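Work through the exercises below with the sequence and the model open. Try each task before reading its solution.

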Amino acid sequence: MHKPSQWRGYDLSARRAKIEAACNLAPVAAADDVPVMAGTPGYFAFAGKAVPGDYFTNPASMLEYQARGYEAHLSRVDDDFVPYFMPWFGTGVLASAFGCAISIAPGPGNDPAVAGPCVHSVADIARLRLPDPHRDGWMPRVLDAIDYALAHDDLPVGLTDMQGPLDTIGLMCGQAQLYQWMYREPKMVHELFDIVTTAFIEWVKVQKQHIGEPLDASNGLQGVWSPKGIGVWESDDDLVLIDARLYEEFVVPSVSRIFEAFGGGQAHFCGNGIHQIDNLLKIKGLRAVSNSPMGNFAAFTTLRQRLAGRSAIWIQDSAPLDMAGYYGRLFAQVEDFRGIVVQPFVLDTMGMDHAGGYTAVDWEPLEAANRLVRTVRDVIRRRLAGEPTGGEAPARPRVPSPKKTPEAAQIVFTPGQQAALDDVQDCLIDFDGEGLKSAIRRGLTTGLAPFSIVTAGLAEGMAEVGRLYETGECFLPELVMAGHTMSEGMTVLQPLLKAGDASQSKGTIVIGTVQGDLHDIGKNIVKTLLEAAGFSVYDIGIDQPPSAFVRKAVETHAQVVALSALLTTTMSNMGRVVSALAEAGLAGRVQVMVGGAPISREFADHIGAAGYAPDAVKAVREAERLMALAVA
Ligand code: B1M
């Protein structure tokens, strides 16, 4: 590998040696032994102030932006960062090569991402072919950027973003669909993992050939120079969404294959993945885990304790606003800093709060980076000296069990009816669609009203699944499967409800993700559960402007418009939809419900949205409440 010891006069070898020691789990005697590197400039466009408009279309522009940024970084920031050119084209390059369209939300500060699934059926899977990196999707752009950088600068060049097979297949199929197939079509999903894993390996090999780096080391893996033994990086963000059994069956063999091909590797995820620790340790060749704890100090402590001595851990949060408080709490219980690499991204306009949320900042990134590095080293120094770090790990609030709904609590059922309702709930929780239909039919023969079967049977079963979801005893695939099973049961009840007493409990909902935002996993779950509960739902997709919501609401005579957003930068677009509905004369007639990780009831109040739900289960109840409010 071409491994210059200097770049533009800055010595890189000591930095590399430090990272190598950490990755080899060498003992840490002093704070300075722990590599600390602040990622500036972010190669992301997200929250970037000065990313050029032609960043993704002109390799010269990308190279110039990064090289200029790294030079400024090296001259000002006293850290262990090893610069390299990151051919960054967002998170959908591999999926695009299988046929997914890529879109870049309009406006500055947006990154390319998959615009929607490209696999809709089993037949689509049979048609998939291994991509040609010189022809398919956005792969040629990555290779062009690599070649350009090598020809025009002596900056080392690293790999593009590498979403792993789980994330990539989620993007290709849509996560909600994938999770159902994991249960219903496991053989087909194994085939999908097989072809995507092969494509992943081939894609990394082609990039490495162009770069001229060995298989088992890299100039750069998502921000970090990587020594021999860590040849590849794969993002496994969706591991937080699925349970350990599914991950072990589908993902562990695939990631093991990848890491074996590159002499070892590093797996990344954001958030709390402690339910997957045993699985991570089963991955052959796992040398490092990169994690954004996102303010979950207890989960990080557990992860750290379980990985200690077995794998390095790269901490990859966005830079926190309260640096001393954040790292004080994060490291409060770390006994041994072996294998720890601290690698925050200092974004130009966003910082992270203690809860992992993002808040606008007006800091000068290089000043913030220097402050961050000094703070982290000081916290580590205090911890090593046995002094308090200023952070006691707080107890995380326990999720309360849901109370029975008033209707369900008030109605008294005969023993036969109660037995039928129990069967309905059991079948729902077991994802047994056929059994559920039979249980519903049995319930009807005991004299149960269809609406009672919905509220006291299906809704109670869903509430139980929701409770298990909130307490981490089940995960998204199970929520999706329960929603799907409920829809199957509803096929028996729907015709009866149409003629019967519960027609007012249904209504029309337009749902979508707001402009600038391409996240749709949560929105799709909400949609599934709303449909399962008997609403007519029109899904207008992701990245939708206010006019699209208004148009669809008018066309479908919707009573509720449901908006989802995952990015702090796109939350404000929800307010624009509220205004657009008012301008179209629909205020009051159409109620707005908002949701998504950064959204709160206070925010909903602030933008004038009557409805808010923190999760998909509560979204159904909230939609029912809003239906009653919508003025005909
Ligand atoms: Co993105 N991403 N992402 N990402 N991503 C987050 C959200 C982030 C927190 C990661 C991080 O910083 N560590 C961060 C956002 C920071 C912020 O602004 N607060 C982030 C970022 C920065 C980005 C990019 C900008 C990264 C980049 O390219 N530079 C980019 C953005 C592209 C764009 O949108 N323009 C990006 C891209 C992606 C992927 C494409 C790779 C992928 C999305 C795939 C997809 O959606 N099809 C992705 C993913 C998967 C995530 C994480 C890992 C998971 C999000 C998720 O789906 N959660 C996330 C980090 C994390 O949380 N661990 C992250 C599961 C889902 C079920 O939860 O959507 O909250 P959620 O839905 C819940 C509730 O919120 C609620 O019900 C759902 C189920 O209970 N709910 C509603 C949702 N909508 C509702 C509507 C309602 C009611 C309830 O009524 C209408």
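**Exercise 1: a helix and its end**

H557 comes directly after α20 and has a positive phi, near 55 degrees. The model is predicted, so local features need pLDDT of at least 70 and side-chain atom pairs count only at pLDDT 80 or more, while totals for chains, interfaces and linings use all residues. Residues are numbered from 1 along each chain as its sequence is written, and side-chain values use heavy atoms, with hydrogens and water left out.

Task: Which residues of α20 are buried, and what covers them?

Solution. Step 1: α20 spans residues 546–556; helices (H or I, at least four residues) and strands (E, at least two) are DSSP runs, numbered from the N terminus. Step 2: P546, A548, F549, V550, A553 and T556 are buried in this helix. Buried means under 20% relative accessible area, exposed over 50%, and partly exposed in between (1.4 Å probe, protein chains only). Step 3: the cover over these residues includes β14 (508–513), β15 (536–539), β16 and α21 (572–583).

**Exercise 2: the ligand shell**

Task: Which residues come nearest to the ligand, and which polar atoms lie beside it?

Solution. Step 1: 39 residues surround the ligand, and D111, Y358, L518, H519 and D520 come nearest; a residue is counted if one of its heavy atoms lies within 4 Å. Step 2: look at the polar contacts, pairs of N or O atoms within 3.5 Å (within protein, one must be able to donate a hydrogen and the other to accept it, and residues adjacent in sequence count only if both atoms are side-chain atoms). Y358 places a polar side-chain atom 2.3 Å from a ligand oxygen. An N or O atom in the H519 side chain is 2.9 Å from a ligand nitrogen. For A597, a backbone N or O atom lies 3.3 Å from a ligand oxygen. Step 3: two or more shell residues come from each of α19 (521–532), β16 (560–564), β17 (591–595) and α23 (616–629).

**Exercise 3: two loop residues**

Task: Is R129 buried or exposed, and is S311 buried or exposed?

Solution. Step 1: R129 sits in the loop between α4 (122–127) and α5 (139–152). R129 counts as exposed because its relative accessibility is 59%. Its side chain reaches the backbone oxygen of A126 at 3.5 Å. Step 2: S311 lies in the loop between α11 (297–307) and β10 (312–315). With a relative accessible area of 1%, S311 is therefore buried. A polar atom of the S311 side chain is 3.5 Å from the backbone nitrogen of V289.

Technical notes: Contact means heavy atoms within 4.5 Å.
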